[in-house]
Amino acid sequence: LSKSTVALIPKGNLKLQSSGLFELQSDSLGEFMNLCPDEPFREQPNAANCSGALVAEDLVATAGHCITEDTCSMYYFVFNYNVN
């Protein structure tokens, strides 16, 4: 079930490398939210704007404010996104 979750990442936050892998191009959560230096998770990347869940083979459910038909092409839908 955990592999059915998806991160909605703006295309500007990922850069395709020559290896075929993507590199994150985003601030950390702490930089984005101006968090204190000792705040937990401060250094984690802030790449995704929203998340969703796969509810059918070709259907993702997400909050209505996350994406519209007009903005869909501006995002990568990244499954199995995780921080190592």
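This section describes the fold, the sheet, one pocket and two individual residues of a predicted model.

The protein has 84 residues, and buried residues make up 20% of them. Its secondary structure comes to 1 helix and 6 strands. Along the sequence these elements follow the pattern β-β-β-α-β-β-β. The C-alpha atoms fill a box of roughly 40 × 35 × 30 Å along the principal axes. Contacts that link distant parts of the sequence were also counted. Of the contacts between residues at least 6 apart in sequence, 53% join residues at least 24 apart.

Four of the strands were assigned to a sheet. The 4 strands form an open sheet in the order β5-β4-β1-β6, with antiparallel pairing. Strands β5 (59–62) and β6 (75–79) stand at the edges. Each has a single partner strand, so one side of each is left without a neighbour in the sheet. From one strand to the next, the twist averages 40 degrees.

Two pairings within the sheet can be followed residue by residue. Strand β1 (residues 5–10) and strand β4 (residues 50–56) run antiparallel and are joined by 4 bridges. In this pairing, Ala 7 stands opposite Ser 51 of β4. Strand β4 also pairs with β5, again in the antiparallel sense and over 4 bridges. Here Gly 52 has Thr 62 of β5 as its bridge partner. The connection between β4 and β5 is a hairpin, with 2 residues between the strands.

Val 60 lies in strand β5, one of the strands at the sheet edges. Its relative accessible area is 28%, so Val 60 counts as partly exposed, a class that runs from 20% to 50%. Beyond residues up to four places away in sequence, Val 60 touches Val 6, Gly 52, Ala 53, Leu 54 and Phe 79. Gly 52 is thus named twice in this region: as a contact of Val 60 and as the bridge partner of Thr 62. The contact with Val 6 spans a long stretch of sequence. Val 60 and Val 6 are 54 residues apart along the chain, yet their C-alpha atoms are separated by 8.2 Å.

Asn 46 belongs to a loop. That loop runs between α1 (29–33) and β4. The relative accessible area of Asn 46 is 19%. Buried means under 20%, so Asn 46 falls in the buried class. Leaving out residues up to four places away in sequence, the contacts of Asn 46 are Asn 13, Ser 26, Asp 27, Ser 28, Leu 29 and Phe 32. Among them, Leu 29 and Phe 32 fall within the range of α1 (29–33).

The model was also searched for pockets. Rolling a probe the size of a water molecule over the atoms shows where empty space is left. The largest pocket holds about 170 Å³ of space. Its lining consists of Ile 9, Leu 14, Phe 22, Glu 23, Leu 24, Val 78, Asn 80, Tyr 81 and Asn 82. Strand β3 (residues 22–24) gives the largest share of this lining, with 3 residues. Those are Phe 22, Glu 23 and Leu 24. By class, the lining has 6 nonpolar, 2 polar and 1 charged residues. Glu 23 is the charged one, and Asn 80 and Asn 82 are the polar ones. The lining also includes Ile 9, which falls within β1 (residues 5–10), and Val 78, which falls within β6 (75–79).

Conventions: Residues numbered from 1 in each chain as written. Predicted model: local features only at pLDDT ≥ 70, side-chain atom pairs only at ≥ 80, totals over all residues. Heavy atoms only, no water. Pairing = 2+ DSSP bridges. Axes fitted to C-alpha atoms, helices over the stretch in contact; angles between N-to-C directions. 1 Å grid on protein atoms, 1.4 Å probe; cavity = no way out; pocket = protein on both sides within 12 Å on 5 of 7 lines; lining within 4 Å. Points joined across faces, edges and corners; volume = space filled by probe spheres on them. Buried < 20%, exposed > 50% of the residue type's maximum accessible area, 1.4 Å probe, protein only. Contact = heavy atoms within 4.5 Å.
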